[in-house]
Amino acid sequence: MSVAISFKDVVKKYGETVVIPELTLNIKQGEFFTLLGPSGCGKTTLLRMVAGFNSIEGGAISFNDRVINQVAPGKRNIGMVFQNYAIFPHLTVKGNVAFGLQNRKISKEETNKKVDEVLKTVQIDAYKDRLPQNLSGGQQQRVALARAIVIRPDVLLMDEPLSNLDAKLRIEMRNAIKEIQNSVGITTVYVTHDQEEAMAVSDRIAVMKSGIIQHVGTPQEIYQRPANIFVATFIGHTNIMEGSLSLDQGEYRVRFSPSYEERVTNIQMPVASGGLPVKISVRPEEFMISEDGTGIHAKIVNSIFLGQNTHYFVDLETGLRVQITQESTAGNLLKPGTKIQLKANMNKVNVYDEQGEVNYTGAIL
Ligand SMILES: Nc1ncnc2c1ncn2[C@@H]1O[C@H](COP(=O)(O)OP(=O)(O)OP(=O)(O)O)[C@@H](O)[C@H]1O
């Protein structure tokens, strides 16, 4: 049975150093939940607290409303997969997976049945008699995953499980992990610093910085309405521009540059009528080259043709260099020096306070 996990005012200190100050978070039963953030933000520390390998200096971690702070790691019924596969080199695939069941007092037939079943789930049954040295990295990681789930854990914890694999295999394995998690339905907490991987596998993501959660949401929510500029720039690529926001006769308007302002309909914060300095986040694909001669005056600096899309580096009249993505057309690329005007897709633009801490924009109604 899979459980829900809750963190209430959880504190982690190493000596006098506070690494996680009062973290509160709820993970739903059966959810694929990812802790995402730059190196050193406390992801692994938090995961190890769930496993019971790290002490907890304040607050409570619960499985289905039962506080587990004092429960020994071996009694938490957790499956774990790490970056270094941690499988035994002298045991076959089958032996490795059966190992997890050995202390559970179940019959040989029962063990064989469970092992066979799980080897099929992770699609490694064809290799069951091989030794790890004769398996690829991806196959070894499937063995580690099989060993973690064969015990039918309440919670599956994975710490950067794909970072030792090459780029192609990483993509293949992340799809496999997502499918396997889906089919077994175990509440999963996954740690990565790779935002693309997090978006590909997760039901929800918590973006962390310095032990503090910045934003919890689905991949779409986090990409489209990042809570602050840190999240906006950590997830995908974006252009941050200095501008101003004003209220005029009941309409909010965002000024991007001397030559361009645009109405915005989804401002959620009350803003006084005078021009308020703001930071505007526009993703490369949300810029449009204007055909009507209006928009931010700009000049093409360089282009990168990537097949379906072309990336342009563009200097704005404000002096800022931005990156824009346009669908490639049959004709020639725009040459360096070409003058253009840019408009932004206002439904997708995010407007923040001057510090980049508060997102003024919400869903389009
Ligand atoms: N055993 C320890 N003793 C003291 N400080 C530690 C210990 N383990 C981690 N830290 C510190 O706690 C902070 C969080 O580390 P943690 O390993 O959780 O980060 P992370 O987000 O998982 O980063 P990475 O992706 O690099 O593993 C870091 O500043 C780290 O130096």
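1. The ligand site. In this predicted model, the residues that surround the ligand are Y14, V19, G37, S39, G40, C41, G42, K43, T44, T45 and H193. Helix α1, residues 43-51, gives the most to this shell, with three residues. Sorted by class, the shell holds three nonpolar, seven polar and one charged residues.

2. Division into domains. The protein chain is divided into domain 1 (5-233) and domain 2 (239-352). Their C-alpha centres lie 40 Å apart. Contact between them involves seven residues of domain 1 and six residues of domain 2. On the domain 1 side, the largest share, three residues, comes from helix α8 (residues 229-234). By class, that side has three nonpolar, three polar and one charged residues.

3. The length of helix α5. Helix α5 runs over residues 167-184 and has 18 residues. At 1.5 Å a residue it should span 26 Å, and its end C-alpha atoms are indeed 26 Å apart, so the expected and computed values agree.

4. The two sides of α5. Which residues of α5 are buried? They are R170, M173, R174, I177, I180 and Q181. These residues cover an arc of only 135° around the axis, which means that they sit on the same side of α5. The general rule behind such a pattern is that an α-helix has 3.6 residues a turn, so residues three or four places apart point the same way. On the other side of α5, the residues K168, E172, N175 and S183 are exposed.

5. What covers α5. The buried residues of α5 are covered by elements that include β3 (32-36), α3 (108-121), α4 (137-149), β8 (187-192) and α6 (195-201).

6. The end of α5. N182 belongs to helix α5. Is N182 buried or partly exposed? It has 14 other C-beta atoms within 10 Å, and because a residue needs 20 or more to be buried and 12 or fewer to be exposed, N182 counts as partly exposed. Although N182 and G30 are 152 residues apart along the chain, their C-alpha atoms are separated by 8.3 Å. Just after α5, G185 takes a positive phi of about 70°.

7. Helix α4. The 13 residues of α4 should span 18 Å at 1.5 Å a residue; the end C-alpha atoms are 19 Å apart, which agrees. How many of the residues of α4 are buried? Eleven of the 13 are, and the helix is thus mostly covered. The buried residues are Q139, Q140, Q141, R142, V143, A144, L145, A146, R147, A148 and I149. They pack against β6 (78-81), α2 (93-99), α3, β7 and α5.

8. Two backbone angles to inspect. Most residues other than glycine have a negative phi. Q123, which is not a glycine, has a positive phi near 55°. Q123 is found in the loop between α3 and α4, and is partly exposed, with 14 other C-beta atoms within 10 Å. E160 likewise is not a glycine and has a positive phi, of about 45°. E160 lies in the loop between β7 (155-159) and α5. With 19 C-beta neighbours inside 10 Å, E160 counts as partly exposed, because 20 or more are needed for a residue to be buried.

How values were computed: Residues are numbered from 1 along each chain as its sequence is written. This is a predicted model: local features need pLDDT of at least 70, side-chain atom pairs count only at pLDDT 80 or more; totals for chains, interfaces and linings use all residues. Helices (H or I, at least four residues) and strands (E, at least two) are DSSP runs, numbered from the N terminus. The expected span of a helix is 1.5 Å times one less than its number of residues. The arc is that of the directions from the helix axis to the C-beta atoms. Two residues are in contact if their C-beta atoms, placed from the backbone, lie within 7 Å. Domain bounds come from an automatic or database domain assignment. Ala, Val, Leu, Ile, Met, Phe, Trp, Tyr, Cys and Pro count as nonpolar, Asp, Glu, Lys and Arg as charged, and the others, Gly among them, as polar. A residue is near a molecule or strand if its C-beta atom, placed from the backbone, lies within 6 Å of it.
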